[in-house]
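Got your viewer open? Here's a short walk through this model, one selection at a time.

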Amino acid sequence: MALTSQDIERVANLARLELRSDETDRVLGQLNGFFALVAQMDAVNTEGVEPLAHPAAALGQVALRLRDDIASEPNQREASQVSAPSVERGLFLVPRVIE
């Protein structure tokens, strides 16, 4: 799947981004390179390969050193929302951008 400059301009418009022509060409090359890599990986025969639940599963039975999932920062929602132009019930209100 190769993208064109028009595709990049359309996506940039939808994302409300302003790209110069040199930026459009650079992004076009990067995205087409990404899609080429995906196509290359898609071409690999994975018949009979069991999916891994976790990358460490390839190493066998490994005890993962995971830290406890505890909150380390206090809730500062109100302080963060003081400068917001519009807040309702603890949520930032933003203008509608999709018609």
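**Stop one: charged partners**

Select R20 and E23 and show their side chains: they meet in a salt bridge, 3.6 Å from N to O. Keep in mind as you look that this is a predicted model. Now color E23 by accessibility: its relative accessible area is 18%, so E23 counts as buried, the cut-off being under 20%.

Next, add D22 to the selection. R20 forms a salt bridge with D22 too, and here the closest N and O atoms are 3.3 Å apart. D22 has a relative accessibility of 45%, so this residue counts as partly exposed.

**Stop two: along the chain**

How many salt bridges does a search of the whole structure find? The search turns up three. You've seen two of those partners for R20, namely D22 and E23. For another bridge, jump to E88 and R89, whose side chains meet at 3.9 Å, N to O. Is R89 buried or exposed? R89 is exposed, at 75% relative accessible area, while E88 is partly exposed at 41%. Back at the earlier stop, shared partners join the salt bridges of R20, D22 and E23 into one network.

**Stop three: a nonpolar patch**

Finally, select F34, L37, V38 and M41 and switch on the surface. Together they form a nonpolar surface patch with about 380 Å² of accessible area. Zoom in on L37, which sits in helix α2, residues 21–42. L37 is partly exposed, with 44% relative accessible area.

Methods. Residues are numbered from 1 along each chain as its sequence is written. This is a predicted model: local features need pLDDT of at least 70, side-chain atom pairs count only at pLDDT 80 or more; totals for chains, interfaces and linings use all residues. Side-chain values use heavy atoms; hydrogens and water are left out. Patches are made of residues with over 30% relative accessible area and no salt bridge: like charges are joined within 9 Å, nonpolar side chains (Val, Leu, Ile, Met, Phe, Trp, Tyr) within 5 Å. Accessible areas come from the Shrake-Rupley method with a 1.4 Å probe; for residues, only the protein chains shown count as cover. A salt bridge is a side-chain nitrogen of Lys or Arg within 4 Å of a carboxyl oxygen of Asp or Glu. Helices (H or I, at least four residues) and strands (E, at least two) are DSSP runs, numbered from the N terminus. Buried means under 20% relative accessible area, exposed over 50%, partly exposed in between (1.4 Å probe, protein chains only).
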